[in-house]
Amino acid sequence: MSRRRILIGVLTVIVVIAGAAWAVGTRLRSPADEAALRRAPEASLVTVPVMRRKLTSTVAVSGTLAYGSPLPIFLAGVVGGTTDSQRVTRAPRPGRLKEGQVLMEVNGRPVFVLRGKVPMHRTMTPGVNGADVRQLQAALRRLGIKAPTTGVFDQATITAVERWYAKNGYQAQKPDLTARQTLEQLREAVRTAQETLAADRKALDNSGEVTLLKLKLANVRADLRTADSALKQAEEREVTPEDAQQYEALKRAVRSAEEDLLAAEQALEAAKSKDDMSNPKDNTPKPEPNTANPEGDTRLLQLKVDNARANLRSAQHALYIFSEQAEQARQKRLTELRATVRTAKENVAAAKQALREARNVSPLRLKVSNDRRSLAAAQSILAEYLTTYGVSIPPGEVVFLASLPARLDKAAVKPGVVIDGKIGTVTSSTFAVSGSVDSDEAKLLRTGMKAVIETADGQTYPARLTAIGKAAEAKDATASAGSESGGDAADGSATGVGSVPVLLTPIKTTKGLRDLVGVPVTVKIAVGATEGDVLTVPVAAVITSADGRPRVQVERPGGKAVDVEVTTGLTADGKVEVTPVEPGTLTDGDRVVVSDA
């Protein structure tokens, strides 16, 4: 055997022995080792990282997706012009309803669907007016049929209604043969009463006594008109033309006297000024006196002034006296004319009374009075009949819905049955989820808040909070003012004690929602959110110290926990927004203690 092979064998044995010794050594432990292995581990901290993220707080609502605003519909009255049994000849079909569509047929007559908030409540006949007629006219215009906006069911509206019915393959409701015959009989009664009254009045007027009194009445009426005209002219004119001329002459005399007085006064003043110059008060030598007599001239001029002043007073007095006399004459004339008018009125009244008495005592008077009453009665009956005569819309031939298009959810009648109640249930074409929330959570909600609809398989759809409380009940109620139950909410819409009903509506897209109608869903309403990413920690990581300030324990190198004072913000999904009081003491990625191990 070679030396090399011997060396390999020895090494192999050594390796085997060493391996066996190692295997035995790993399985053998001393009592101290066993005690150490069974000792409890040393206490350590349970921490989670601080994360920067956006927080959104939500309120969850459980409900079922359905079409919104269910509403039972009824016919407001008969369909057609008869009160016979109303039998369905074509039942309404569930599905989409659009304005102007024929919902169903009763006795072969159509029942149309139109948009409007005022319910159909009466037969629309010629001459009626109101908000329901104006609503009908607006609907016809939306359907492309020219109609007025008067709110009156007039001839223009009737023409539009006839075109509307014809466009849909029907004829507007017209009076039948019996109604037309009745109308002709009533008109004939009016004509006969008019002819009888005219003949009897002519006979009465042609009687001798009445004719004479009528002529007398005409004469006194003419006198009254003449007196009224004369009084009016006198009241409008203050003076007569003759008085006006004399008044103007007196005014000219006053003006002439004023001019004479002014000239005399000026001449007197000039003379006095000249006399003063000829008699100075100083001791200067006086000029030779004038041979004329200045003092005599002054007295003459003074006399002229006095005479002119007396003439002015006389002229003014004459004008005053004339004015007084003219006004007195005018008032006297007006008094006489007014008396004439009163007398003429009395004469007219007396003539009327005499004519009235003459006719009353006339044998034909009673007959004429009876003729008038007969004519008034015939005209009243004809007018009342005409209010319902002509092209009309029976109350059952139109159903007004507040919103269109809509969806007929269920039909409550079938062909052949007689209508005696609800004909179906309509909903809006939009979807809705109804549910309830706790009263405390309701305080956080406001209409218009954004929400997300979540299905069991994880599909999500954006939504919006549409109504809260009574408004949600009203929109979600399955009964309304049009129902026989008086508008109480359905039993299924009741909420628990302390609960507040809410209604949510999908937005933006409804694709795929139709297949989910009737499926339970969860809706999360966003009630608050941070403006952006913020530092967040689990709610369990925030502790309140004895001083009432919130803190978190941040793990530092070596496993040591350090208290960091923070302010808290929004809480959502078990997380809370925190902001360190001292900047830099807490950052994204730090680990905070949630409990001690």
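This is a short walk through the structure, one selection at a time.

**The whole chain**

Start with everything shown, and keep in mind that you are looking at a predicted model. The chain has 597 residues, and 32% of them count as buried. Colour by secondary structure and you will be looking at 11 helices and 22 strands. Switch on the surface next: its accessible area comes to about 36700 Å², with 53% of that belonging to carbon and sulfur atoms. Among contacts in the chain with a separation of 6 or more, 73% are made by residues 24 or more positions apart.

**Strand β3 and its distant partners**

Select residues 56-67, which form strand β3. Two stops wait here, serine 57 and alanine 60.

Is serine 57 buried or exposed? With a relative accessible area of 14%, serine 57 is buried, because buried means under 20%. To see what surrounds serine 57, leave aside the neighbours within four places in sequence and show its contacts: Ile525, Ala526, Val527 and Gly528 are there, along with Leu570, Thr571 and Ala572.

Now move along the strand to alanine 60, which is partly exposed at 47% relative accessible area. Put a distance label between the C-alpha atoms of alanine 60 and lysine 524: the separation is 4.4 Å, although the two residues are 464 residues apart along the chain. Lysine 524 is also one of the contacts of alanine 60 once neighbours within four places are set aside; the others are Val437, Thr522 and Val523.

**A loop with a positive phi**

Go next to asparagine 107, in the loop that runs between β7 (102-106) and β8 (109-115). Most residues other than glycine have a negative phi. Asparagine 107 is not a glycine, yet its phi is positive, at about 55 degrees. Its relative accessible area of 34% makes asparagine 107 partly exposed.

**A salt-bridge network**

Select Glu184, Glu188 and Arg191 together. Salt bridges link these three residues in a network. Side chains of opposite charge can pair when their charged atoms come close. Across the structure, the count comes to 15 salt bridges, and you will visit more of them below.

**A positive patch on the surface**

Show the surface again and pick out Arg221, Arg225, Lys352 and Arg356. These residues gather in a patch of positive charge. Which helices supply the patch? Helices α6 (208-236) and α8 (294-361) each contribute at least two of its residues. Zoom in on arginine 225, in helix α6: it counts as exposed, with 56% relative accessibility.

**Two pairs within helices**

Stay with helix α8 and select arginine 309 and aspartate 306. Their side chains meet in a salt bridge, 3.7 Å from N to O. The two are 3 residues apart in the helix, so about one helical turn separates them. Arginine 309 is partly exposed at 31% relative accessibility, and aspartate 306 is partly exposed at 35%.

Then step on to helix α9 (residues 363-386), which holds aspartate 371 and lysine 367. Here the salt bridge is 4.0 Å from N to O. Aspartate 371 and lysine 367 are 4 residues apart, so they too are separated by about one helical turn. Which partner of this pair is buried? Aspartate 371 is, with a relative accessible area of 8%, whereas lysine 367 is partly exposed at 38%.

**A cis peptide bond**

Select leucine 404 and proline 405, and look at the bond that joins them. Most peptide bonds are trans. The one from leucine 404 to proline 405 is cis, with omega near 0 degrees. You will find proline 405 in the loop between β9 (398-401) and β10 (406-411).

**A pair between a strand and a loop**

Finish with glutamate 565 and arginine 549, whose side chains meet in a salt bridge of 3.9 Å, N to O. This pair links distant parts of the chain, 16 residues apart: glutamate 565 is in strand β20 (residues 560-572), and arginine 549 is in the loop between β18 (543-544) and β19 (550-556). Glutamate 565 is partly exposed, with a relative accessible area of 25%. Arginine 549 is partly exposed as well, at 45%.

Notes. Residues are numbered from 1 along each chain as its sequence is written. This is a predicted model: local features need pLDDT of at least 70, side-chain atom pairs count only at pLDDT 80 or more; totals for chains, interfaces and linings use all residues. Side-chain values use heavy atoms; hydrogens and water are left out. Patches are made of residues with over 30% relative accessible area and no salt bridge: like charges are joined within 9 Å, nonpolar side chains (Val, Leu, Ile, Met, Phe, Trp, Tyr) within 5 Å. Accessible areas come from the Shrake-Rupley method with a 1.4 Å probe; for residues, only the protein chains shown count as cover. Lys and Arg count as positive and Asp and Glu as negative; His and the chain ends are not counted. The place of a charge is taken as NZ of Lys, CZ of Arg, CG of Asp or CD of Glu. Buried means under 20% relative accessible area, exposed over 50%, partly exposed in between (1.4 Å probe, protein chains only). Contact means heavy atoms within 4.5 Å.
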